[in-house]
Amino acid sequence: MFNPQAEAMPVAELRKLQGQRLRDLVERAYGHVPFYRARMQEKGVKPEDIRSIDDLARLPFITKADFRDQYPFGMFAVPHREIVRIHASSGTTGKPTVVGYTRNDIENWAECAARSLACGGATADDTVQVAYGYGLFTGGLGMHYGAEKLGAAALPMSAGNTEKQIMLMKDFGVTVLCCTPSYALQVAEVAAQMGVDLMKLPLKSGNFGAEPWTEAMRKHIEELLPLKALDIYGLSEVAGPGVANECLEQNGLHVFEDHFYPEIIDPATGDPLPDGQKGELVFTCLTKEGVPLIRYRTRDITMLMADGPCPCGRTGRRIKRLMGRTDDMLIIRGINVFPSQVEDVLVRIEGVHPQYLIIVDRQGNLDTMEIKVEVTESLFSDEVRKLEALRDKIHHQIKAMLNVSAKITLVEPKTIERTLGKAKRVQDLRKLT
Amino acid sequence: MKVRQISIFLENRSGRLASVLKEVGRAGVNIRALSLADTSDFGILRLIVDDVDKCVKALKDNGHTVSLTEVLAVEVPDHPGGLAGILDVLSGAGLNVEYMYAFVCRATEKAVVVFRFEDSNAALAALKKAGISILPAETVYTL
Ligand SMILES: [Zn+2]
């Protein structure tokens, strides 16, 4: 542990600290950011109403759209002379979201990135190859500052130029790799072409993130590289990489809760959900000065794990590997359904990725869900009753998983429309006007 | 002895059966026997043809889900109770019939029944022992 005092703080003490920090945060935001003041006044909440961390739910949410509306500096809470760095997240639609950091913000972020590296066992003795992009994107500089904070040697490679990455990895005896999981696989592929045996290198851990990945990918990476592949989470609005990181247990990502307070809410109603229930991840950045962040909706779907304390000793709660985005969510008869859940069921039944299409419609006042599944050779049986049993099994497991009854229709291969090679997953025929 | 039967998954939509049969014809394959098992949602088309490999290739090239199944073709004795006698033998041996269908052989004008068994080896042995004539695969393909 990089900072045992903070990372293994007894929970009661941690909640007290979070409460104090929340009060300060709300005062700063209310006092210096007109946007927050207006939002809180709209909701009828005053800074003095917030006494402990339990009062958090009284505060309004903010979204990426709010952020964009304040472009470029409307969210800043300090005079410009106190800002020492500006990052911006790539805006796929229109303007980017802009985040300014004070010297303390950079310091706290570096601390959390250092904790993330230490989660994999990294110390001042290590060499950290940072193969995330350096630039407006927070990945590269975030991990770079984290490595330096840890006292390790940061190797600022940025992304790309894979052959050179591999040459230096080998010649410099790199021990920690930071990049996207898909880039880790690319490194392995190129190394094989170059005749470099990565399994002989002293690599020990990797902090992989910035894109969704799976347990299967982790297994694959660990077969090709002699390291523990750990999931790292972060987003520029909150800070950057280092908001949460897996420990060596590889069972969920510890949130560094003394800086980032996580909540899980029902994305449809905004109601907070108990630990162990899946919903939208919301963050409050307790210590942020440049751009205070209160109840920011990340649109990422996960849960706070409810399986007791982690054997590693860290007390920060763990979030599960991300399960999807709220953008993909369907609400059927008031129940939140993600296409990824349907896919999970289908994969578990046959071990393959069948093509499917979810069709949502409304008959009278009732939503209906139909799932079309293409019958591949591995699913096909020559006997009617076996195909009917397959259909019923899918029906039961969908019902058990989603709590929604779906009509399962087995269809011929290649009958589900594909756009650009990718199958369309959802067709919502409801007219809700 | 065992006959290779082709099974094809079909959606229960109008025109699907005709379209599959057209593809088979276009491939120059002759159909010897045919059966369609269907439910309200889907069907399974079972075919016995003269050129199994060519037929499977043509169907797969057209994107169909296809499987091959081993079945037995039994000539039914030309007297009342002929089929019942065969079924008695099977139930006496404790053999399960998954499904069956019949057709009439053009050359001999005799009824032929195609059986799909859970355990076709055991069925083969039991039928032989009872002196029931099983058509060789080659005979069935060229009926
Ligand atoms: Zn842990």
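## A crossover at one end of the sheet

In this predicted model, strand S3 (residues 127-130) of chain A, helix H6 (residues 138-150) of chain A and S4(A) form a β-α-β unit that is right-handed. The two strands of this unit, S3(A) and S4(A), are paired in the parallel sense, with 4 bridges between them. Within this pairing, A:Thr127 has A:Ala153 of S4(A) standing opposite.

## The sheet as a whole

S3 and S4 belong to an open sheet of 8 strands in chain A, in which the order is S4-S3-S5-S6-S7-S8-S9-S13 and the pairing is mixed. Its edges are formed by strand S4 (153-156) and strand S13 (318-319) of chain A, each of which pairs on one side only. Strands of a sheet are held in pairs through backbone hydrogen bonds, in either a parallel or an antiparallel arrangement.

Whereas S3(A) and S4(A) are parallel, S8(A) and strand S9 (residues 253-255) of chain A run antiparallel and are joined by 3 bridges. Here A:Glu246 is placed opposite A:Leu253 in S9(A).

## The zinc site

The zinc ion has as its donors the SG atom of A:Cys247, NE2 of A:His254, and the SG atoms of A:Cys310 and A:Cys312, at 2.1 to 2.3 Å. The angles among these 4 donor atoms are 99 to 116°, and the site is tetrahedral. Along the chain, the donors are spaced as C-x6-H-x55-C-x1-C.

Of these ligating residues, A:His254 lies within the range of strand S9 (residues 253-255) of chain A, and both A:His254 and A:Cys247 are buried.

## A buried glutamate between S7 and S8

A:Glu237 is located in the loop that connects strand S7 (228-234) to strand S8 (241-246) of chain A. Is this loop residue buried or exposed? A:Glu237 counts as buried because its relative accessible area is 3%, and the cut-off for that class is under 20%.

The side chain of A:Glu237 takes part in polar contacts with two other side chains: one, of 2.7 Å, is with A:Lys64, and another, of 3.4 Å, is with A:Thr97. When neighbours within four places in sequence are set aside, the residues in contact with A:Glu237 are A:Lys64, A:Phe67, A:Ser89, A:Thr97, A:Val99, A:Lys288, A:Leu293 and A:Tyr296. The polar partners A:Lys64 and A:Thr97 are therefore accompanied around the buried A:Glu237 by other residues, including A:Phe67, A:Val99 and A:Leu293.

Technical notes: Residues are numbered from 1 along each chain as its sequence is written. Chains are lettered from A and ligands numbered from 1 in the order in which they are written. This is a predicted model: local features need pLDDT of at least 70, side-chain atom pairs count only at pLDDT 80 or more; totals for chains, interfaces and linings use all residues. Side-chain values use heavy atoms; hydrogens and water are left out. Buried means under 20% relative accessible area, exposed over 50%, partly exposed in between (1.4 Å probe, protein chains only). A polar contact is a pair of N or O atoms within 3.5 Å; within protein, one must be able to donate a hydrogen and the other to accept it, and residues adjacent in sequence count only if both atoms are side-chain atoms. Contact means heavy atoms within 4.5 Å. Two strands pair if DSSP finds at least two bridges between them. Donors are N, O and S atoms within 2.8 Å of the metal (3.2 Å for Na, K and Ca); water is not among the atoms, so sites may look incomplete. Four donors count as tetrahedral if all angles lie between 85 and 135 degrees; four count as square planar and six as octahedral if opposite donors are over 155 degrees apart and all others between 65 and 115; anything else is irregular. A crossover is right-handed if, with the strands pointing away from the viewer, the path from the first strand over the helix to the second runs clockwise.
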